[in-house]
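Visitor: I would like a close look at a single part of the fold, taken slowly and with each term explained where it comes up. Please begin from the pairing of strands and work outward.

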Amino acid sequence: MKRSEFIQLFFNSIFLYSFKYHEKLEYNIDKEILIGKGKPNLVGNGYKLLSEVSKAYLKMKDAAKIDNINLKIVSSYRSFNHQKKIWNRKFSNFTNSGLSGQKAINKIIEYSTVPGSSRHHWGTEIDIIENNHNIKGDVLLPKLFHDSGPFEKMRVWMEENSEKYGFYKVYTNDKFRKGFLYEPWHYSYKKISIPYYKNYLKIDLLEILKEEKDLLGKKYLNKFFMKKYIDENIKGISKKLK
Ligand SMILES: [Zn+2]
């Protein structure tokens, strides 16, 4: 190898190394994993979670069963593309029913996330109900978890016991919390989701969304919107999960 070639190779290696170093974030959590575009190792029967999260969930499920509560996960891991489908469906429905694009987006982000920003991308989150009830239609409504609703007993059990198994409520019923509305069904496995959350905050979501050609309402997701969305929705979680 010529000396000039060697020098070239040397600098290329440094460049590649520093590029890789910047792509990998702290705790070795890959950026693609954090935004739902990676390939995490998921397990579960009827749900998809990281192995450690699944184990903790099954322990909690067994404990609940002793108290006659039959826990059931209705939503767990969700990919970027799955979240994009939810987003596009809601955007179409809301704009078809007469809302402006901006208003449609504000309505979507009462409960649903911009693709790439769902905590469900991480394999650490569960939406949970009780299996004993035959409810038709949408099961994730706060009223079903309160006021003698079918999931009230389960909600109270979760509030008293879930933290022993590592699961914490994310979108609490706290009037000072901003962002997504109260979700009595959504729990997070704290030990893993905290490092994921901290790494997630370093990501420039707007850059990622720019690449998406079939994302409806994209023109409204500008710098101004995204800043408010990150500050209020992404950071608007239980203090116990920060
Ligand atoms: Zn959820």
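How many bridges join strand β4 to β6, and do these strands run parallel or antiparallel?

Guide: Three bridges join strand β4, residues 125-130, to β6, and the two strands run antiparallel. Residues here are numbered from 1 along each chain as its sequence is written. This is a predicted model, in which local features need pLDDT of at least 70 and side-chain atom pairs count only at pLDDT 80 or more, whereas totals for chains, interfaces and linings use all residues. The chain has nine helices and six strands, where helices (H or I, at least four residues) and strands (E, at least two) are DSSP runs numbered from the N terminus.

Within the pairing of β4 with β6, Ile126 stands opposite Tyr187. Strand β6 is also joined to β5, residues 167-169, again by three bridges and in antiparallel fashion, with Tyr168 having Ser188 of β6 as its bridge partner. Two strands pair if DSSP finds at least two bridges between them, and on that basis β3, β4, β6 and β5, in this order, form an open sheet of four strands with antiparallel pairing. Because β3 (71-75) and β5 stand at the edges with a single partner strand each, one side of each is left without a neighbour in the sheet. From one strand to the next, the twist averages 45 degrees.

Strand β6, residues 186-189, is covered on both faces, with His186 and Ser188 buried on one side and Tyr187 and Tyr189 buried on the other. A residue is called buried if 20 or more other C-beta atoms lie within 10 Å of its own, exposed if 12 or fewer do, and partly exposed in between, the C-beta atoms being placed from the backbone. Of the 242 residues of the chain, 29% count as buried.

The neighbouring strand β5 holds Lys169, which counts as buried because it has 23 C-beta neighbours inside 10 Å. Lys169 and His186 are 17 residues apart in sequence, while their C-alpha atoms are 6.0 Å apart in space. Leaving aside neighbours within four places in sequence, Lys169 is in contact with His186 and Tyr187, and also with Ser238; contact requires the C-beta atoms of two residues, placed from the backbone, to lie within 7 Å. Among contacts in the chain between residues at least 6 apart in sequence, 71% join residues at least 24 apart.

Helix α3, residues 51-66, packs on the sheet and touches β3, β4, β5 and β6, and its direction makes about 140 degrees with that of β3. Such angles run from 0 to 180 degrees between N-to-C directions, and axes are lines fitted to C-alpha atoms, for helices over the stretch in contact. Val53 lies in this helix, α3, and counts as buried because it has 28 C-beta neighbours inside 10 Å. Not counting residues up to four places away in sequence, Val53 touches Gly123, Thr124, Tyr189 and Ile192, so that Tyr189 of β6 comes into the picture once more. The C-alpha atoms of Val53 and Leu42, eleven residues apart along the chain, are separated by 9.6 Å.

Following β4 toward the next helix, one comes to the loop between β4 and α6 (152-161), where Asp147 lies; Ser148 has its place in that loop too. Most residues other than glycine have a negative phi. Asp147, however, has a positive phi of about 50 degrees although it is not a glycine, and Ser148, also a residue other than glycine, has a positive phi near 60 degrees. Asp147 is exposed, with 8 other C-beta atoms within 10 Å, and Ser148 is likewise exposed, with 6.
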